[in-house]
Amino acid sequence: MSSPAVFDEHDGRLLAEAALRSITASTSRLRGDEFMRMLVRDLAEVLDVTYVIAGRVIAMADGGEGIRTLAVWAGDRHIDNMEYSLMHTPCQDVTDQTMCFHACGIQADYPRDTLLVDMRAESYIGMPMIDTEGKTLGILSAIDTKPMAENKRLLALSLLSIFASRCAAELQHQDREALLELKVQQRTEALRAAQASMVEQEKMAALGALVAGVAHEVNTPIGVAVTAASGMADFARQMIATLNSPKVSRSDMVALATRLQGAASLIEQNLARAAELIGNFKQLAVDQGAEHVTELALHDYVQGVVSAHSPALRKGTIGVALDIDPLLRPRLPAGKLSQILSNLLMNSAKHGYPDGGPGLVTVGARVADVDGQPWLLMDFADDGVGLAPGVRERVFEPFFTTKRGQGGSGLGMHIVYTIVHQMGGHVAVDAAVERGCRFHIKLPLRRD
């Protein structure tokens, strides 16, 4: 005579519905790890089993498949997650997308599964987590240290089937989020690389424009020197002819010598001017490719950068005044500083004076201690047309320009912002200036 069931089919259905409502209520607002941890705890309590495991199928180092647990409830607490091979385990049968149930004797059925021995497992029921494309993502299993009655099997089958689907949806959602995040990261990196490339191209374009300006500027003193040298040759021929004539006049010789001296002085002055321009440009070009920190005679260095840009500034009759102590010698990366100054000068020339000037640019610098740290505080100002409020708010934004279609790339001030922040500093536009435009730059100084 068979023993009566603990509860009949109607009671079982009511119990399953109550358990489903209870677990659904406790997990409905949870996601990710929190959902998995709450689920295994609630299932263990409802099913009255020792262990509930939620795990994900993974590839093992030996080429086989395994499980990486997402949450494990063991008796009265969560335990650390782990990885184990599917080989010779009941979980392997579950991943084949079949429900696996062993009412008792699970260790005897899988004698090579040492984890079952460690758990002192007696009964097992597991369900696969299958995604919407029919792929097994993981397993949800309940394991007990005592045999599992038939009525518990039916309850476990109902609950594990429902929540295995919920777990699969959660894992699929995580996979999609991870894939989306990866794509966003890849595209962000691609955009950053493209932007960095465009910034470098803008730097080279600015250097190219500087080369053209310096070349044009150097042509003037070189041309004067060539003309003076030609005159000297002519004066020398006249002197030779005078000396070879039967009668030599002292006054003629003095006049020719004076002309020779004047031509020589003119050649010397203009070649010195050309050498100065070339030297300033060479230093600027070398510095812009250098990252090393060096001690700078700041007044002379800034003056050299300004001189290298004199063709573009003089074209608009723009003067530059320096308010920098000649004894100020901060330690800075010269290349980065020259790029900052170059972009600020060209920005004033292009945008501060759209009608060509005249105007005045002022560059000031001083050293101050802030919270025990030495900083170089620089002010760069022009008395041009200034910035409209809408432009001022976006002045450092990449690719923003008021000269769209007129040769403006919108990267000049973004380069300034990027370099200053790379140096650990800050740059801001003065919103309170009444005329023109003023930038405040704060750069950290090296003590060594």
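1. A starting definition for the helix point below: the expected span of a helix is 1.5 Å times one less than its number of residues. Please keep in mind throughout that this is a predicted model.

2. Let's apply that to helix α10, which covers residues 334–352. With 19 residues at 1.5 Å a residue, α10 should span 27 Å, and its end C-alpha atoms are 25 Å apart, so the two values agree. As for its surroundings, α10 is mostly covered, with 16 of its 19 residues buried.

3. Next, a look at threonine 69, which sits in strand β2 (residues 65–74). Is threonine 69 buried or exposed? Its relative accessibility is 2%, and buried means under 20%, so threonine 69 counts as buried. Its side chain has polar partners: one polar contact, of 3.0 Å, is with the side chain of asparagine 81. A polar atom of the threonine 69 side chain also lies 2.8 Å from the backbone nitrogen of methionine 82. Setting aside neighbours within four places in sequence, the residues in contact with threonine 69 are Ile53, Ala54, Gly55, Asn81, Met82 and Tyr84. Asparagine 81 and methionine 82 thus turn up again in that contact list.

4. Strand β2 also holds arginine 68, which pairs with glutamate 83 in strand β4 (residues 83–85). What joins the side chains of arginine 68 and glutamate 83? They meet in a salt bridge, at 2.9 Å from N to O. The two residues are 15 residues apart, and the pair links distant parts of the chain. Both ends have some access to the surface: arginine 68 is partly exposed, with a relative accessible area of 38%, and glutamate 83 is partly exposed as well, at 47%.

5. How many salt bridges does the structure hold? There are ten. Another of them joins aspartate 76 and arginine 77, whose closest N and O atoms are 3.5 Å apart. Aspartate 76 has 59% relative accessibility, and the cut-off for exposed is over 50%, so aspartate 76 counts as exposed. Arginine 77 has a relative accessible area of 48% and is partly exposed.

6. Aspartate 144 is worth a visit too. It forms a salt bridge with lysine 146, with the closest N and O atoms 3.0 Å apart. The two ends have unlike surroundings: aspartate 144 counts as buried at 1% relative accessibility, whereas lysine 146 counts as partly exposed at 36%. A network of salt bridges links Asp144, Lys146 and Lys152.

7. Finally, please look at aspartate 430, in the loop between β13 (426–429) and β14 (437–444). Aspartate 430 is buried, yet has no salt bridge. Why is arginine 438 not a salt-bridge partner of aspartate 430? Arginine 438 is the nearest side chain of opposite charge, but it is 4.3 Å away, and a salt bridge needs the nitrogen and oxygen to be within 4 Å, so the pair does not count.

8. What does the side chain of aspartate 430 reach instead? One partner is the backbone nitrogen of alanine 432, at 2.8 Å. Another is the side chain of histidine 440, joined to that of aspartate 430 by a polar contact of 3.0 Å. Not counting residues up to four places away in sequence, aspartate 430 touches Arg392, Arg438 and His440. Arginine 438 therefore counts as a contact, since contact means heavy atoms within 4.5 Å.

Conventions
Residues numbered from 1 in each chain as written. Predicted model: local features only at pLDDT ≥ 70, side-chain atom pairs only at ≥ 80, totals over all residues. Heavy atoms only, no water. Helix = DSSP H or I, 4+ residues; strand = E, 2+ residues; numbered from the N terminus. Buried < 20%, exposed > 50% of the residue type's maximum accessible area, 1.4 Å probe, protein only. Lys, Arg positive; Asp, Glu negative; His and termini not counted. Polar contact = N/O pair within 3.5 Å; in protein donor to acceptor, adjacent residues only side chain to side chain.
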